[in-house]
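Here are my notes from going through this one, written so you can follow along with the structure open. Shout if any point is unclear.

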Amino acid sequence: MTSAVKLCGECSFFQQLRSNVNNSLNSAATNMQRLFLPRRVRLKTIVLLAIAMTTVLYTVRIRLDSQLDYSMLEINDDKIDPLCNCTKILQQDREEMGRSKLIMITKSFQSETNITAEKYIEWTANCEKFKVFRKYLTFPLSPEEENFPLAYSIVIHHKIHNFERLLRAIYAPQNFYCIHVDKKAPPLFQEAVVGITSCFENVVISSRLETIVYGSWSRVQADINCMRDLYSMSSRWKYFINLCGQDFPIKTNLEVVRKLKSLRGKNSLETERMPARKQIRWTKQFKVVKGAIVKTDVNKKPPPINSPIFSGGAYILVRREFVQYVLENPVAHKLIEWSNDTYSPDEFLWATLQRQGDVPGSIPRSYRYDLTDVNSLSRLVKWQQYEGQESKGAMYPPCDGHHIRSVCVYGVGDLSWMLQQPQLFANKFDLDTDYFATYCLEKHLRHKALAALK
Ligand SMILES: *[C@@H]1O[C@H](CO)[C@@H](O)[C@H](O)[C@H]1NC(C)=O
Ligand SMILES: *[C@@H]1O[C@H](CO)[C@@H](O)[C@H](O)[C@H]1NC(C)=O
Ligand SMILES: *[C@@H]1O[C@H](CO)[C@@H](O)[C@H](O)[C@H]1NC(C)=O
């Protein structure tokens, strides 16, 4: 908070200085007009004076800008920092990690750090203050990032605090964000999302909201709704990224941009041979009954494409033209329509489109081009069944948090490992599980992003 005040103080100092210089420039021009000089000479003098003053003003401005202290944009929470040293946590310091876990289970810590929907509604009544106080970036950090805008679709249904932290971590003014809020989310939650999005021109709530049923078509429809909104919002963005409320970036925006550029126009998503046990998902018809998806005995027609169905995940990194294909291509429309009564279409639709020859950014159909989840850049996930001792063949060290549906909800002990992985985003994070995992990660990324400015 102190640094936020400092930020504002310095801003107004610069504004004051600039307006002082401007004022003296104006009054100088007025004085010139009063001089009894021939008209032509008067004009020439004014022009010369204006050029001189502009030069002076420009130099002053450059000098002021280079003196801007970006440290006020660091994620430094005066209440949190004395409790726990994030540098030590990222270095896997056992004592510090143990200490952080003891602090987090105290009731007082939990109530101090929890930010409720009501709080967000209150704060976002004054957007300018909210943005400064929450340290949102309000300018692109580099021309490279400015020239490579990204489009995000974020699907959420609860835990407003997690969502706002995620948005802050990935927010940049040149990017575009579409938020899909589950229709069945509590009204207070929805209101808080409206409050937060209303503070940013480039963040919108999806124009069509779905009631999301786990495993059903509605999950894909939510992303398609956001694809449509983002596609019409701007023609500038280069890649589409979809996230959920419990994801968090593990790369800075600049690193994300560079990783995407290195794909050279390809998409990055899991797409591989369909295991036989999953084929039931689209050989039988499924339907939603009372908010849950159920299998029927009705056989489905074969898919309307002449390729196999591929297996993959819900999270994708795809170029703009892929999104255009999804929205406009008749083949895509047929596949989408055919998929809408299957089980978990998010886990095969994108993967199958990625293997259609005419899809922009796709890869060849041959199974030798299969891309597994660990080789795609879109999402880092720790599955319980693959955890263990790496020296004994496990894929990754054990989860330091706990599991939800066999997926690790990260703890501070996972951070060091996570930051060495190639993916751009990781799943799952939860402030209620491990506040410091999110806090230290965000602090690290913001520091890295600001350090690149120097
Ligand atoms: C945090 O730990 C690092 C590494 O041990 C140390 O260099 C730094 O001074 C510590 N920071 C604070 C505020 O104690
Ligand atoms: C699936 O597509 C069919 C044909 O367009 C449509 O009638 C039906 O409402 C769709 N179902 C869902 C769940 O979107
Ligand atoms: C934070 O507040 C929300 C809403 O009041 C509540 O549901 C949640 O359990 C709280 N979390 C913690 C860690 O206290």
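The points below go from the whole chain down to single residues.

1. First, a caveat: this is a predicted model. Read everything that follows as a description of that prediction.

2. The overall picture. The chain runs to 454 residues, of which 36% are buried. It has 18 helices and 14 strands. If you take the contacts between residues at least 6 apart in sequence, 75% of them join residues at least 24 apart.

3. The main core. The largest nonpolar core holds 95 residues, and the ones that touch the most other members are Tyr152, Phe436 and Cys440. Which helix gives this core its largest share? That is α18, with 8 residues. Domain 2 (77–113 + 378–454) and domain 3 (271–373) each supply at least three residues to this core. As background, nonpolar side chains in soluble globular proteins tend to be buried together.

4. Cys440 up close. If you want one residue to click on in that core, try Cys440, which is among those touching the most other members. Setting aside neighbours within four places in sequence, Cys440 is in contact with Cys86, Ile89, Leu90, Val412 and Leu415.

5. Helix α4. This helix covers residues 94–104, and its buried residues are Met97, Ser100 and Met104. They sit on the same side of α4, because the arc they cover around the axis is only 60°. Over on the other side, Arg94, Glu95, Gly98 and Leu102 are exposed. And what covers the buried residues? The cover includes α3 (86–90), α5 (107–113) and α18 (435–451). So α18 is worth a second look here, since this helix also gives the core its largest share, and the rule of thumb is that nonpolar side chains tend to be buried together in soluble globular proteins.

6. Helix α15. You can read this helix (residues 330–339) in a similar way: Ala332, Leu335, Ile336 and Ser339 are buried. These residues span an arc of only 100° around the axis, which puts them on the same side of α15. The face turned away from that buried side carries Pro330 and Glu337, both exposed. On the buried side, the packing partners are α14 (320–328) and α16 (349–353).

7. Two positive phi values to check. Neither residue is a glycine: Gln92 has a phi of about 65°, and Ser344 has one near 50°. Gln92 is in the loop between α3 and α4, while Ser344 is in the loop between α15 and α16. Are they buried or exposed? Gln92 counts as partly exposed because 13 C-beta neighbours lie inside 10 Å. Ser344, with 21 other C-beta atoms within 10 Å, is buried.

8. A cis peptide. The bond joining Asn427 and Lys428 is cis, with omega about 10°. Lys428 belongs to the loop between β14 (425–427) and α18. Have a look at that bond yourself when you go through the backbone.

9. The shell around ligand 3. The residues here are Gln110, Asn114, Thr116 and Asp432. By type, the shell divides into 3 polar and 1 charged, with no nonpolar residue.

10. Val288. This residue lies in strand β7 (residues 284–289). Val288 counts as partly exposed because it has 15 C-beta neighbours inside 10 Å. Leaving out neighbours within four places in sequence, its contacts are Val213, Ser216 and Ile293. Val288 and Ser218 are 70 residues apart in sequence, yet their C-alpha atoms are 9.9 Å apart in space.

11. Ile280. You will find this one in helix α13 (residues 280–283). Ile280 is exposed, because there are 12 other C-beta atoms within 10 Å and the cut-off for exposed is 12 or fewer. From Ile280 to Lys300 is 20 residues in sequence and 9.9 Å in space, C-alpha to C-alpha.

Note on methods:
Residues are numbered from 1 along each chain as its sequence is written. Chains are lettered from A and ligands numbered from 1 in the order in which they are written. This is a predicted model: local features need pLDDT of at least 70, side-chain atom pairs count only at pLDDT 80 or more; totals for chains, interfaces and linings use all residues. A residue is near a molecule or strand if its C-beta atom, placed from the backbone, lies within 6 Å of it. Ala, Val, Leu, Ile, Met, Phe, Trp, Tyr, Cys and Pro count as nonpolar, Asp, Glu, Lys and Arg as charged, and the others, Gly among them, as polar. A residue is buried if 20 or more other C-beta atoms lie within 10 Å of its own, exposed if 12 or fewer, and partly exposed in between; C-beta atoms are placed from the backbone. Helices (H or I, at least four residues) and strands (E, at least two) are DSSP runs, numbered from the N terminus. The arc is that of the directions from the helix axis to the C-beta atoms. Two residues are in contact if their C-beta atoms, placed from the backbone, lie within 7 Å. A nonpolar core is a set of buried Ala, Val, Leu, Ile, Met, Phe, Trp, Tyr and Cys residues joined through C-beta atoms within 7 Å. Domain bounds come from an automatic or database domain assignment.
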